[in-house]
Amino acid sequence: MAAHTNFVALSVVFFLTFSLCLVAQARNRHRPSLDFQKNQEDGPNYLVGVGRADVTGPAAEVNMMGYANPAQQSSGIHFRQFSRAFIVSDPQNTTRTVFVSVDCAMVSQILKIEVVKKLKPLFGNAYNESNVCLSAIHTHSGPAGFLQYVLFDVTSLGFVRESFNALVDGIVASIQRAHNNVVPGDLYLNQGELQDANINRSPTAYLNNPESERAKYDANTDKNMVVLKFVDQHGTGLGMISWFAVHCTSMNNTNGLISGDNKGYASQLFEADMNPGSLAGQGSFVAAFAQSNEGDVSPNTRGPHCQDTGLACDLETSTCNGKSELCVSPGPGVDMFDSTRIIGHKQYSKAKELYNADAQEKLSGPVQFALQFVDMSDVTVQINSSYSAKTCKPAMGYSFAAGTTDGPGAFDFTQGDTEGNPFWNFVRNIIKQPSAEEVACQAPKPILLPTGEMTFPYAWQPDIVDIQLLRWGQLVVAAVPGEFSTMSGRRLRDSIQRAVVSKGLPEDTEVVVAGLSNTYSDYITTYEEYQVQRYEGASTIYGPHTLAAYQQLYSQLAQDMVMGADIDIGPSPPNLLSRQLSFLPPVVLDTTPLFTHFGEVITDAGSAYHTNETVSVRFHSAHPRNNLQTQPENMQKTVRRRRGIFHFFSWAHKKLQKFLSGPDEEAELDGSFLTVERKKDDGTFEVVHNDASWDTMYKWKRTNVLVGHSEATITWTISPGTPPGTYRIRHFGHSKNLVGEITPFVGSSRHFTVNH
C-alpha cells in the first residue's frame, strides 16, 4: 500500500460501537466438465482456458485503495476493471491450476477464502486454495474496503460490501468462463528488456545492498518482461500473461475515477488488437499485464522534484525544506492520464513484440502446484551454520507515514527515519505501546504502529500468510503475499531456481514473481534495505529477516513440489468476514429538481465534432452505488417489494416520474453507465463505446446532499480513425426512492455528427 496513513483516523477505530454483519450468498449453478483427453502422443502439451469478467466496484463516495488518502473518494469511471483467469492442466486432466490477474490494489486474504468457497459448489474439488492463485496488478484507483484487517480499512470507514462482492463475483465469473473455454493447447515463453518504463523510488536503500551483488545487474530496477503465450491446438492465440515490475501509480492520489492504471490500459490495447470489432472488456482473447516485484519501482519516470521550486528533492529523505508533501515524482506525460497512456503503451508494445516473435520457448513437462500457510510472525531463519534469527510480530515504522514520491504523506514524517519522535511516540502509546520484545525485534525500525499487538476490534494485520508456487513445464510462478523490492525479488527468484535445479529441473528453468498474491502483508525488502528505513523498509512488517524467511520457505516448498512430497499445509488463516465493521453511510434517496427526471439532459452535445475533439453531455442522475452496472448475470438484486402505504407512495412516485419524463427509451442494462452509439443505414443505433473504453469518461457528483440530487457528466474524446456519421451518447443508471426501491433509467443526448 503505497501511501500515508491518517493518524487521527486510526484512533477512530477505538470508538467503534457497532458492526455490520453480512453473509455472502453462493450461486448454485451447473458444474461443467473438464473431461478432456490428449488425442495423440505428439498433440498439444496442455489443456488451457482463458476468461475475463468485470470486477468494477462502487463508482461514487467510496475511498480509493492504495494511497490511504481519506480525501480520495471514487467519483466515476475512467475505464472498468477486470479479472482475467488462465487455466493450465496436463493433457490427461489430472492436475490443473488457475492463475488470475485482477485489476485491484491487492488480493486480500478474505477475498481468496471467499472465492474458493464459491468455487466449491460449482466445481467440487477441482479448484481449491492450493491450485488457485489470485494476483493483483496494484492499481491505486479502485474502491477500497475489501480486506479483513483493520489497518487496511481505516480510510474507507471500514469494510465495504459492494467493493468486496464485486471482486468476489467477478473473479469467480472469470474462472467459470476460463473453465468453460478449456481446450487442448500449448504455452510459449518469451522475454526481453523494456526500457524507460520504470525507476527506483528508493535508490538510497537499493545502494545499501552489497556492491558485489549490485554489480551483477545493469539497473536498480528489473527491466525484464516475461510473456507467456496461450494458443489452441491449431496455433490460434487465446491469451497472454505479461509479468513486468512497475507500480500502477501513474494515476495519482487526486484521482477519483476508477481505473486499471497503466497495466489495465495495456490489457485494453492488447485485447483490442486481438478482438477486432469488440467493445472494451469483451472478446475471446484475454491479455493480462500481471504484477511482479514492484515494491520500490515507480512508473513516474521524471523522478522526484519539489512542486514549489522544481528542484530535486533531498535524496535521503525525499523532502522539500524538510516536508515530504511537496516531494512528488511526475510521470512522463503532461498529466496523469497522459502518463498512464505512455507507460501502458510501452508495456503493451513490448509484450506484443515478444508475443509475435519467432524465437519462443515451447513449454513442456508437468503441471504442479504447492501452497503452505505460514505464521510469518514466528519463523526461525537459519542465517548460516552457526547463527539463526527470527521474524517479528507485524509493525509499521515511522517512514510508513511519510508515504512515497508517488504519493507523499503528511505531518512531519519523513523517509529514512530510524529515530522516531517523542510527540508521535506519545500519541502512539495512547493507542498501543509496543512491547520491549517487539521494539528489539524490529530494530532499527522506530515503531509507529505495533499492529501485531493490536487486536481491537480484531486483528490489524495478518500473522498467517500463504506462500504458493505454480509450475508449467520450464516455468515456475512464485505467488508472493506482498510487494517485494527489486533486489528482494531477484534474491527470491535465485533461491527458488537453485532449489528446483537441485531436484532435477533444467538449468534454464525460468522463475517469475507474481506480486500481491492471495494475501496482502505489505512490503518485503532486503536486510540491507531495511536498515535504511525508507517507506518500503518501514512497511516490511515482519522485521529485518522477512526476506530471508521467505527465501528459506519458498526454497523448501519448491523442492517439495518438484519431488511430489507431502506438504504440511500449515495453520489456517482466520476468516473475519462475520466480524467486519462498516461506517460507510448507505445511499438514502435520489431525487431530481422539480419538473425534471432522471436521465434528463442538462447540458447537451453540440451539433458537429471532428477527430480529437471531446463531446461532453451532462445528465440528471442518481447514485451509482444503487447498481454497479456489471455484467447482467452479476447485477445486484436490489429491488425491494413493499406493501401498504409505502407501496402506494412508491407507485405514485413512479407515475409522477413517468409523466414528467414523457415516453421512455428502453433502459438497456448492458453493464455500462454509458454508451456511445453510431446510427446505421437502417436507422438503428449500434454501440461503439462503453464505460470500459479508454476514450470515454463517466464523472458523477452530488449536487444536493439533503434531497439527493446528483449529476453525471459523460465525455467522449473522438480518436483518429473514428468513422464519420451520426452519433448519440446515452446514460444508464438506477435511482432509489424513499422506501428503498431501485428503478432503472436511461437518458440520451441529441444526435450529432462526426466528421474528419
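This report describes a helix, a sheet, the aromatic contacts and the salt bridges of a predicted model.

**Helix H3 and the open sheet**

Helix H3 runs over residues 161–180, and at 1.5 Å a residue its 20 residues should span 28 Å, which agrees with the 28 Å that separates its end C-alpha atoms. Because 17 of these 20 residues are buried, H3 is largely enclosed by the rest of the structure.

Seven strands make up an open sheet, arranged in the order S7-S2-S3-S32-S33-S29-S27 with antiparallel pairing. Strand S7 (142–143) and strand S27 (601–603) stand at the edges with a single partner strand each, so one side of each has no neighbour in the sheet. At the S27 edge, the antiparallel pairing with strand S29 (residues 614–621) rests on two bridges, and Val 601 has Phe 619 in S29 as its bridge partner.

**Aromatic contacts**

The structure contains 26 aromatic pairs. In one of them, the ring centres of Phe 79 and Trp 694 are 5.8 Å apart and the planes meet at 50 degrees, an angle that falls between the limits of 30 and 60 degrees, so the pair is classed as tilted. This pair links distant parts of the chain, 615 residues apart, with Phe 79 in the loop between strand S3 (73–77) and strand S4 (82–89) and Trp 694 in the loop between strand S31 (685–690) and strand S32 (696–704). Phe 79 is buried at a relative accessible area of 1%, and Trp 694, at 17%, also counts as buried because the limit is under 20%.

Tyr 523 and Tyr 535 form an edge-to-face pair, with 5.3 Å from centre to centre and 85 degrees between the planes. Here Tyr 523 belongs to strand S26 (residues 523–524) and Tyr 535 to helix H12 (residues 535–538), 12 residues apart, and both tyrosines are buried. Elsewhere, ring pairs join Phe 270, Phe 285, Phe 289, Tyr 348 and Tyr 355 into a cluster.

Arginines also lie over ring faces: Arg 490 is 3.8 Å from the ring centre of Tyr 217, and Arg 728 is 4.1 Å from the ring centre of Phe 685.

**Salt bridges**

The count of salt bridges comes to 23, and the table lists some of them with the distance from N to O.

| Basic residue | Acidic residue | N to O distance |
|---|---|---|
| Arg 625 | Glu 162 | 3.0 Å |
| Arg 201 | Asp 406 | 2.9 Å |
| Lys 390 | Asp 378 | 2.4 Å |

The bridge between Arg 625 and Glu 162 links distant parts of the chain, 463 residues apart, with Arg 625 in the loop between S29 and helix H14 (644–661) and Glu 162 in helix H3. Arg 625 counts as buried at 8% relative accessibility, and Glu 162 is likewise buried, with a relative accessible area of 18%.

For the bridge between Arg 201 and Asp 406, Arg 201 lies in the loop between strand S9 (199–200) and helix H4 (203–206) and Asp 406 in the loop between strand S20 (396–397) and helix H8 (422–431), so the pair ties together parts that are 205 residues apart in sequence. Arg 201 is buried at 4% relative accessibility, and Asp 406 is buried at 4%.

The side chains of Lys 390 and Asp 378 meet across 12 residues of sequence, from strand S19 (residues 387–390) to the loop between strand S17 (367–375) and strand S18 (380–384). Lys 390 is partly exposed at 42%, as is Asp 378 at 45%. Finally, salt bridges with shared partners join Arg 52, Arg 84, Asp 103 and Glu 271 into one network.

Methods. Residues are numbered from 1 along each chain as its sequence is written. This is a predicted model: local features need pLDDT of at least 70, side-chain atom pairs count only at pLDDT 80 or more; totals for chains, interfaces and linings use all residues. Side-chain values use heavy atoms; hydrogens and water are left out. Helices (H or I, at least four residues) and strands (E, at least two) are DSSP runs, numbered from the N terminus. The expected span of a helix is 1.5 Å times one less than its number of residues. Buried means under 20% relative accessible area, exposed over 50%, partly exposed in between (1.4 Å probe, protein chains only). Two strands pair if DSSP finds at least two bridges between them. Rings of Phe, Tyr and Trp (its six-membered ring) pair if their centres lie within 6.5 Å; planes under 30 degrees apart count as stacked, over 60 as edge-to-face and the rest as tilted. A charge sits over a ring if NZ of Lys or CZ of Arg is within 6 Å of the ring centre and within 35 degrees of the ring normal. A salt bridge is a side-chain nitrogen of Lys or Arg within 4 Å of a carboxyl oxygen of Asp or Glu.
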